[in-house]
Amino acid sequence: PAPAPAPAPAGASLAGTTVPFTGMQAAVSKNMLASLAVPEFRVAYTIKTDAFDAMYRKLKPKGVTMTALLCKAVGVALGRHPIMYAACTDAGDGIVYNENVNVAVAVAMPDGGLITPVLKDADSTDIYQLSRNWGDLVKRARSKQLAPDEYSTGTFTVSNLGMFGVDKFDAVLPPGTAGILAVGGTKKVVAADADGRIGVESQMTVNLTADHRIVYGADGAEFLKTLADVIQNPDQLTM
């Protein structure tokens with residue numbers, strides 16, 4: 001028999017067409033436009049990750065995911081900086097301090113758009129439960145079975161492109177929140193320690209985008225410094 005024809009390149013069938021947004025894509029577009037009304041600023045920070053990576057290797061066999069471990073670290077750091085999970089009032093004349101550290105995580109959807117499942121109380125939920133929660137959220141997000149409060153109650157957002165080999169990037173601030181953290185991948189670099197000795201260590205760069213109406217440069221820098229301390233001393237994440 002004749003050989004089967006080669007499959008058409010991805011997207012070839014869409015050439016020359018106009019495809020309307022899905023409901024989710026339309027919602028994302030609306031939110032991105034709304035973010036343009038917010039004065040943003042960005043701060044980058046490079047963090048040594050050797051101890052954090054070792055902690056992950058130790059916990060992975062117990063069902064802990066990297067996303068949950070990272071969000072736990074972010075949650076612990078946020079808990080020490082309430083302004084970072086606050087929000088500006090709708091009228092732009094005050095600050096709403098939220099009661100919960102709810103970390104939303106950007107997840108791309110197979111049919112376009114993205115959704116932000118929320119790890120609630122990421123600062124106080126133990127890492128094992130947080131990992132179970134994340135697994136359940138992702139599974140139901142992919143099948144579009146999340147309840148509104150499971151994707152719309154984030155008080156801070158994390159976007160991680162490190163698994164795609166991205167070193168660093170900027171993220172767009174979701175409306176109604178004070179900040180979003182863009183997380184790049186870990187890479188080996190040659191660096192000097194505090195005593196000037198040269199060695200190889202693992203580093204990652206995180207970029208914070210924040211609402212400048214309520215968060216100032218020093219606030220962002222102090223939060224990132226705390227996050228770096230938590231990641232570089234990760235034993236506290238299992239307490």
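This is a dialogue on reading a few local features of a predicted model.

Biologist: Which residues of helix α3 are buried?

Modeller: A residue counts as buried when its relative accessible area is under 20%. In α3 the residues that meet this are A68, L69, L70, C71, K72, A73, V74, G75, V76, A77 and L78. That is 11 of the 14 residues, so α3 is largely enclosed by the rest of the structure.

Biologist: What does α3 reach from its first C-alpha to its last?

Modeller: The expected span is 1.5 Å times one less than the number of residues. Helix α3 covers residues 66–79 and reaches 20 Å, close to the 20 Å expected.

Biologist: C71 is on that list. How many disulfides does a search of the whole structure find?

Modeller: A disulfide needs two cysteine sulfur atoms within 2.5 Å. The search finds 0 in the whole structure. As for burial, C71 has 1% relative accessibility and counts as buried. C88 is buried too, at 12%.

Biologist: Turning to the backbone, what is the phi of D121?

Modeller: D121 has a positive phi of about 50°, although it is not a glycine. D121 sits in the loop that runs between β7 (118–119) and α4 (127–142).

Biologist: And where is K144?

Modeller: K144 is in the loop between α4 and β8 (156–160). Its phi is also positive, near 60°, and K144 is not a glycine either.

Biologist: Is K144 buried or exposed?

Modeller: Exposed means over 50% relative accessible area. K144 has 53%, so it is exposed. D121, at 28%, counts as partly exposed.

Methods
Residues are numbered from 1 along each chain as its sequence is written. This is a predicted model: local features need pLDDT of at least 70, side-chain atom pairs count only at pLDDT 80 or more; totals for chains, interfaces and linings use all residues. Side-chain values use heavy atoms; hydrogens and water are left out. Helices (H or I, at least four residues) and strands (E, at least two) are DSSP runs, numbered from the N terminus. Buried means under 20% relative accessible area, exposed over 50%, partly exposed in between (1.4 Å probe, protein chains only).
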